[in-house]
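Got the model open in your viewer? Let's walk through it one selection at a time.

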Amino acid sequence: MPTTTEKLTANFLRLRNKKPGKYGDGNNLWLVVGPTGRERWEFRFTIGGKSREMSLGAFDREGIVGRTADEARREADRLRYKVRQGINPLAERETRAPVRATTFAEVAEQCIASLKAGWSNDKSEKQWRSTLKGYANPKIGNVDVGNIVTGDIFAILEPIWTEKAETAKRVRERIEKVLDFATALNLRSGENPARWRGNLDHLFPKTAKVQKAKHHPALPYDDMSTFMASLREKQGVAPRALEFCILTAARTGEALGAAWSEIDLEKGLWTIPAERMKARRDHRVPLSPAAVALLKALPRDTEGDCVFISPQAGRKGKPLSNMSMLKTLKLMKRDDLTVHGFRSTFRDWAAETTSYPDAVVEMALAHAVSNAVEAAYRRGDLFEKRTRLMAEWASYCASDSRAGVKVVPIRAAGEV
């Protein structure tokens, strides 16, 4: 097992497939990588002539269920000060009388509260609560988190693993996250019984083998110009929101939540703030001439900053609802499509008809980069290349028989 004693670099810490071993960060702080890849911080010190090791919890890049490198270093500095005063921090921790929740259901609530700040909408919280309440809590809700074992997890997952494979997968992942959270709070120790690799993978087949993935229905890109011609004939705010969503390859929530303060029409730039992005990072979207023309034709909200204003009574100054674009599809008699599916249409078009690298297309979709090395070294956002890509996409979406871009005016009278 490799052992290092030099200060850990940011690039090294970002790597997700480190070799098992012990990596020193200096000043008594170590990063320990277990045989399963689980990473945790450890503070080592000598007091009374004896060497001691003290766990500082899991390593988490975002600091949601563990400590970031900066947080671990600050904690190590605090503990070193105690040791210099002759205080054994490990003994101090063991004698402390914490008043903390210990059942799985109670810790799950704490975990959800901690994760909530990192979610872009309320949907994630509702899904977490629903799956844990429906599947985990009946079995282990009242069990102390320190006493939960693999057999408990098996009892939860076994009835649904083949019948509801995707649900089972999410239940397992969420239980694992809660138990990691408990470990970071020193409410349990040892390996996580909900861990997949080297644990539950011996008990269950992969979900991909028992249930085929369900993809969002997507329009073949060959039909895109015909669809867009029909969409542009529809009047109202919702059709324009859907058109904008397609032209920018944005997610539903990103498009409906667009604010004028995020948009620079002169530069053709839409900057979505991190709190509205799935990846929790600012995302710059190049606006094609077609997208800019669409925005310029929209009515402006004199009382707010919303781009796509709801025409419904009682929602003055508020954006369209999440169902508005789907309702537009139904009015077009396209129940076979979903709004999210147009992102797949864009992805297929880019892969099949253009020579843009995958990195450019993936960044246009605001997808997280899975390759750790690529993520560490690709600093820019490939904006210039994405500008050309989105302009070509807008041109492709326009009917060949039509010159320029036709912008349909918005009617004020309660249109969808």
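Start by selecting helix α10 (residues 237-248) and helix α17 (residues 383-397) of this predicted model, whose axes cross at about 130 degrees and run 9 Å apart. Because angles under 35 degrees count as roughly parallel, over 145 as roughly antiparallel, 65 to 115 as roughly perpendicular and the rest as oblique, α10 and α17 come out as oblique to each other. The axes here are lines fitted to C-alpha atoms, for helices over the stretch in contact, with angles running from 0 to 180 degrees between N-to-C directions. Helices (H or I, at least four residues) and strands (E, at least two) are DSSP runs, numbered from the N terminus.

Now show the side chains where the two helices meet. On α10 pick I246, L247 and T248, and on α17 pick M390, W393, A394 and C397; these residues make the contact, meaning heavy atoms within 4.5 Å. That set divides into six nonpolar, one polar and no charged. In this scheme Ala, Val, Leu, Ile, Met, Phe, Trp, Tyr, Cys and Pro are nonpolar, Asp, Glu, Lys and Arg are charged, and the others, Gly among them, are polar.

A word on the ground rules before going further. Residues are numbered from 1 along each chain as its sequence is written, and side-chain values use heavy atoms, with hydrogens and water left out. As this is a predicted model, local features need pLDDT of at least 70 and side-chain atom pairs count only at pLDDT 80 or more, while totals for chains, interfaces and linings use all residues.

Zoom out and colour by pLDDT, the predictor's confidence in each residue, from 0 to 100. The chain averages 83, with 84% of its residues at 70 or more. Select residues 1-5: pLDDT is below 50 there, and this stretch has 16 contacts in the model beyond near neighbours in sequence. Residues 401-416 are also below 50, with 35 such contacts. Where pLDDT is low, the predicted coordinates should not be read in detail.

While you have the whole chain in view, switch to cartoon: there are 17 helices and eight strands. Of the 416 residues, 44% are buried, that is, under 20% relative accessible area, with exposed being over 50% and partly exposed in between (1.4 Å probe, protein chains only). Among contacts with a separation of 6 or more, 58% join residues 24 or more positions apart.

Next, the aromatics. How many aromatic pairs does the structure hold? There are 15, counting rings of Phe, Tyr and Trp (its six-membered ring) with centres within 6.5 Å; planes under 30 degrees apart are stacked, over 60 edge-to-face and the rest tilted. Select F227 and F342, a tilted pair at 5.1 Å centre to centre with 40 degrees between the planes. F227 sits in helix α9 (residues 224-232) and F342 in helix α14 (residues 341-353), so the pair ties together parts that are 115 residues apart in sequence. Both F227 and F342 are buried.

Go back to α17 and pick W393 and Y396. Their ring centres are 6.4 Å apart and the planes lie at 15 degrees, so this pair is stacked. The two are three residues apart in helix α17, about one helical turn. W393 is buried at 0% relative accessibility, whereas Y396 is partly exposed at 27%. Add Y221, F346 and W349 to the selection, and with W393 and Y396 you have one aromatic cluster.

Jump to R195, in the loop between α7 (165-184) and α8 (207-210). Is R195 buried or exposed? It is buried, with a relative accessible area of 12%. Outside its neighbours within four places in sequence, R195 contacts T36, R172, E176 and L200.

Over in strand β4 (residues 39-47), select W41, buried at 0% relative accessibility. Measure to L31: the C-alpha atoms are 4.7 Å apart, with the two positions 10 residues apart along the chain.

Last stop: two backbone oddities to click on. N27 has a positive phi of about 55 degrees although it is not a glycine. N27 lies in the loop between β2 (21-26) and β3 (29-33) and is exposed at 53%. A366, not a glycine either, has a positive phi of about 60 degrees. A366 is in the loop between α15 (358-364) and α16 (372-377) and is buried at 14% relative accessibility.
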